[in-house]
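Hi,

Here is the structure I said I would pass on. Have a look at it first, and my notes on what turned up follow below.

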Amino acid sequence: MLFLIGLFVVFGSVLYGYVMSHGQLLALWQPFEILIIVGAAFGAFLLSNPWHVIKGCFALTPQIVLGSKVNKAMYMDVLGLIYDILNKARREGIMAIEGDVDSPQSSAIFSRYPAIQSNAELADFIADYFRIIAAGNLTSFELESLMDQEIDARLHELEQPAVAVGKVADALPGFGIVAAVLGIVITMGAIGGEISEIGKHVAAALVGTFSGVLLSYGFTGPVSASMRHIAEEEIKLYEAAKACIVASLNGVPPQLAVEFGRKALFTHGRPTFNEVESKIRGR
């Protein structure tokens, strides 16, 4: 919703200010200039990115418009899932969770948290480290170092769409200049004709520069920033899971281990101590 409001404010302010200055809206309608700018920018986007990054950009569109899927409920699910696994391991032994971590998609524990189970990368991240704990003798320091490496790699992967769109935003003013130069070429060909026609060609060329700058700073740049925020919020799920698992490996009981994970979350979406306690007691 904020995305749509922001879009309306940006373009509404520019167009309304232009009209109030006695500008003619039809003069800004230059479809061939828009075709040159947007088409060239999209082509450069396709040229500079692998397919998985392109798909990732389009897959983020619903979250850009409607808001990030990572919210307090998802934070609670991560903490609840970790608690359930730790509690089962404490009561029945570490080997009791082997079936759950070997196949998260068919696990009874993971199935209680469909939002986590549907995020295959996050579910596998949690399951893999419990599998490592069950199978090996890694110290908490060694495990934390390994988890940090994977989280860094995952953050880089999540930020790739934002970086790709950010590069398009940087290029749009340049493509606006390209469109403007082509418009001037057309204008030069009209020299000797009616002054009004020459004026129309010059106006069309200037609209090219205007469109490139507006699309860069008023649309594509903000979209890139929104994608980066979405990536940062999702990576907090991984950091919370890491904090819980490392605390447990250091001998902290499950009920207190989830508090380590809770403290790793952003404050604007972090559940309270009482909310987490109520959830795990209900489990």
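A quick definition before the rest: a residue is called buried when its relative accessible area is under 20%, exposed when that value is over 50%, and partly exposed in between. Also bear in mind that this is a predicted model.

Salt bridges first. There are twelve of them in the structure. One that caught my eye pairs Asp84 with Arg112, with 3.0 Å between the closest N and O atoms. This bridge links distant parts of the chain: Asp84 belongs to helix H6 (residues 72-92), while Arg112 lies in the loop between helix H8 (108-111) and helix H9 (114-117), and the two are 28 residues apart. Is Asp84 buried or exposed? Its relative accessibility is 6%, which is under 20%, so Asp84 counts as buried. Arg112, with a relative accessible area of 43%, is partly exposed.

Compare that with Arg91 and Glu92, whose side chains also meet in a salt bridge, at 3.5 Å from N to O. Here Arg91 is exposed, at 54% relative accessible area, and Glu92 is partly exposed, at 49%.

Then there is Lys236 with Glu239, another side-chain salt bridge, at 2.9 Å from N to O. Why are these two about one helical turn apart? Because they sit three residues apart in helix H12. Lys236 is buried, with a relative accessible area of 15%, whereas Glu239 counts as partly exposed at 24%. You will also find a network of salt bridges that links Asp102, Asp128 and Arg131.

Next, the helix packing. The axes of H3 (residues 31-48) and H11 (residues 140-189) come within 8 Å and cross at roughly 145°, and the crossing is right-handed. On the H3 side the contact is made by Glu33, Ile36, Ile37, Ala40, Ala41, Ala44 and Phe45. H11 contributes residues including Ala164, Val168, Leu172, Phe175 and Gly176.

Ile37 comes up again when you look at Ser211, a residue of helix H12 (residues 195-249). Which residues does Ser211 touch, leaving aside its neighbours within four places in sequence? They are Ile34 and Ile37. Ser211 has a relative accessible area of 6%, so it is buried.

Back in helix H6, have a look at Arg90. At 55% relative accessibility, Arg90 counts as exposed. Its C-alpha atom is 8.3 Å from that of Pro254, although the two residues are 164 apart along the chain.

Last, the N-terminal end of the numbering. Met1, Leu2, Leu4, Ile5, Phe8 and Val9 form a nonpolar patch on the surface, and together they have about 700 Å² of accessible area. Phe8, one of these residues, is in helix H1 (residues 2-20). With a relative accessible area of 65%, Phe8 is over the 50% cut-off and therefore exposed.

If you want a place to start, I would pull up Asp84 and Arg112 side by side: the former is buried and the latter partly exposed. After that, try the patch that includes Met1 and Phe8.

Cheers

Note on methods:
Residues numbered from 1 in each chain as written. Predicted model: local features only at pLDDT ≥ 70, side-chain atom pairs only at ≥ 80, totals over all residues. Heavy atoms only, no water. Patch = residues over 30% accessible without salt bridge, like charges linked within 9 Å, V, L, I, M, F, W, Y side chains within 5 Å. Areas by Shrake-Rupley, 256 points an atom, 1.4 Å probe, with all protein chains shown as cover. Salt bridge = Lys/Arg side-chain N within 4 Å of Asp/Glu carboxyl O. Helix = DSSP H or I, 4+ residues; strand = E, 2+ residues; numbered from the N terminus. Buried < 20%, exposed > 50% of the residue type's maximum accessible area, 1.4 Å probe, protein only. Axes fitted to C-alpha atoms, helices over the stretch in contact; angles between N-to-C directions. Left-handed = near helix turned anticlockwise from the far one by under 90°. Contact = heavy atoms within 4.5 Å.
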